[in-house]
Number of protein chains: 2
Amino acid sequence: MTKLTAASPIGIFDSGVGGLTVVRQIRALLPNEPLVYFGDTARVPYGTKSQPTIRKYAADDARLLLKYDPKLIVVACNTVSALALDVVKELADDIPVLGVIAAGARLAVEQSKIKRIGVIGTSATVNSGAYQSEIHRIEKNAFVFSKACPLFVPLAEEGLAAHDATKLIAKEYLTELLEANIDALVLGCTHYPILRGAIRETVGNSVTIIDSAEAIARDIKSTLTEKSLLNSSMPCVPLKLLVSDVPQRFKSIAEVFLGVELPDIELVEV
Amino acid sequence: MTKLTAASPIGIFDSGVGGLTVVRQIRALLPNEPLVYFGDTARVPYGTKSQPTIRKYAADDARLLLKYDPKLIVVACNTVSALALDVVKELADDIPVLGVIAAGARLAVEQSKIKRIGVIGTSATVNSGAYQSEIHRIEKNAFVFSKACPLFVPLAEEGLAAHDATKLIAKEYLTELLEANIDALVLGCTHYPILRGAIRETVGNSVTIIDSAEAIARDIKSTLTEKSLLNSSMPCVPLKLLVSDVPQRFKSIAEVFLGVELPDIELVEV
């Protein structure tokens, strides 16, 4: 049995830089926690790929993070949370594993007054039905309406959050959810908070936007509090960033997601 | 030394399904040639990744195709042609290797009357300057204007070729090339022929569109003719399709690129 200590880091992984929106929320809520983040930038994206491939990649990612003796593993990737959370949990053994889907689903059910909930995500996440199952586990009478929005990821990475084309694409994707009279919309992909403005403009003010990144930060706090594993003082290395590739424009794209200047990054092999 | 025979297949690879636009042109020009195509759908896209990662993936792809004893290797991927053609040539030894960039550059110089040539492609292809070098090698006084168009790939894969958002994005990307008074535009990515309509609408009729897929099909014919390696009768297996992942919607997306119904596909590991 692994010995979990408060000074150990929280391990977080994602298919690429998107999970830095989760890091951003964790740092806002838990500034004393040392974080180790791995982004699999050499094989990104996961969301358009098949389940066997996603499960293989998830196992590689989990094994990598386990080398850093984390006290908690956060699956920031919605696609992995949807299709391979069990793979990560099995490898993590007694280390707690939290995925963004359970967190987002719980917050959506809490916030939706009429229990008509929209979910947007990658093709793999939406086709898995994972948000729907999780929402129904909590509230069996909820109605869930899902829509894959594959162009939102490249639009966010291209820095076109405020472009007219993004608004047209948002309308194309979201109209059928609005016609279903949802009152809450889950951003089921780590990239989507970057497009929050265009999404808000399309859905109007009567729909509550649920950010899974915010939701999971709260879950992490509860879990660590419960297990007496909260770190009490500022760590020497607040954020360690590992990536499997450093493509061009990496720094500028990653900084948009993290919201502050990047620390040094380390290139690793998976 | 490998013995090359006319009955051997042409090996073609790409980062994903995009290279099927090249297969389509080869089949149109050389219907008797047996083809083996590999699409690295588990690690697609390459065009946003770094050179070391692209070179590693290119070596894996070449090694896989070499198992099929090809008489010629076609690098359908513009990104690999730009950044790793030497890697493929070294592994292929005495088997001829053709890349789409040399083919597209030659055709562009031929067709441009005023030698003001636009090139569009992935970030990796454009940043490599490979089209520019190749065009200048042929015609040192040519002016080359390049622009990365990262959203064109997901727009093509999402089936939004005719959507208003695609026209807006095309205008966003192509305006600066038009302002440079180009009279030829190289489609330097295998996905772009799918968006030919929106690109044509944006650039107008005075710009000649150069499709590298058409260009390389002609180069293949010349090379095989010169080496007396053209196959003379209809092969038993005209097209063998290998992929490293079979994601959802694979069949429908791939059929858009190939233009006909897909043959059986084989899942391989790289």
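# Reading a two-chain predicted model

Guide: Let's start with the symmetry: a turn of 180° and a shift of 0.0 Å along the axis lay chain B on chain A with an RMSD of 0.0 Å. That is how a two-fold axis relates things. The superposition is least squares on the C-alpha atoms of residues with pLDDT of at least 70 in both copies. This is a predicted model, where local features need pLDDT of at least 70, side-chain atom pairs count only at pLDDT 80 or more, and totals for chains, interfaces and linings use all residues. Residues are numbered from 1 along each chain as its sequence is written, while chains are lettered from A and ligands numbered from 1 in the order in which they are written.

Visitor: What relates two copies of a chain, in general?

Guide: A rotation about an axis, plus a shift along it. Here the rotation is 180° and the shift is 0.0 Å.

Visitor: How many residues of chain B are in contact with chain A?

Guide: The general idea first: a contact means that two residues have their C-beta atoms, placed from the backbone, within 7 Å. In this model 22 residues of chain B are in contact with 22 residues of chain A. Helix 6 (123-128), helix 8 (152-157) and helix 9 (164-179) of chain B each put at least two residues into that side of chain B. Helix 9 of chain B gives the largest share, 4 residues. Helices here are DSSP runs (H or I, at least four residues), as are strands (E, at least two), and both are numbered from the N terminus.

Visitor: Which residue classes make up the side of chain B that touches chain A?

Guide: There are 10 nonpolar, 6 polar and 6 charged residues. Nonpolar covers Ala, Val, Leu, Ile, Met, Phe, Trp, Tyr, Cys and Pro; charged covers Asp, Glu, Lys and Arg; the others, Gly among them, are polar. As 100% of the interface residues of chain B are also interface residues in chain A, the copies meet through the same surface.

Visitor: How do helix 9 of chain A and helix 9 of chain B pack?

Guide: To read packing, fit lines to C-alpha atoms, for helices over the stretch in contact, and take the angle between N-to-C directions, from 0 to 180 degrees. For this pair the angle is about 165°, and the axes are 9 Å apart. The two helices are therefore roughly antiparallel to each other; the bins are under 35 degrees for roughly parallel, over 145 for roughly antiparallel, 65 to 115 for roughly perpendicular, and oblique for the rest. Their crossing is left-handed, a label used if the near helix is turned anticlockwise from the far one by less than a right angle, with right-handed if clockwise. The contact pairs Asp164(A), Ala165(A), Leu168(A) and Ile169(A) with Asp164(B), Ala165(B), Leu168(B) and Ile169(B). By class, that is 6 nonpolar, no polar and 2 charged.

Visitor: At what angle do helix 1 and helix 11 of chain A pack?

Guide: Helix 1 (residues 20-29) and helix 11 (residues 212-226) of chain A pack at about 45°, with their axes 8 Å apart. They are therefore oblique to each other, and the crossing is right-handed. Among the residues that meet are Val22(A) and Ile26(A) from helix 1 and Ile216(A) and Ile220(A) from helix 11 of chain A. The contact holds 7 nonpolar, 2 polar and 3 charged residues.

Visitor: Where do the domains of chain A lie?

Guide: Domain bounds come from an automatic or database domain assignment. For chain A that gives domain 1 (10-100 + 214-267) and domain 2 (101-213). Over C-alpha atoms, their centres are 21 Å apart. Domain 1 brings 30 residues to the contact and domain 2 brings 27 residues. Elements giving two or more residues on the domain 1 side include helix 1, helix 11 and helix 12 (250-258) of chain A. That side has 16 nonpolar, 10 polar and 4 charged residues.

Visitor: Which peptide bond is cis in chain A, and where is Pro45(A)?

Guide: Look at omega: the bond joining Val44(A) and Pro45(A) is cis, with omega about -5°. Pro45(A) sits in the loop between strand 2 (35-39) and helix 2 (51-66) of chain A. In chain B, the bond from Val44(B) to Pro45(B) is cis too, with omega near -5°.
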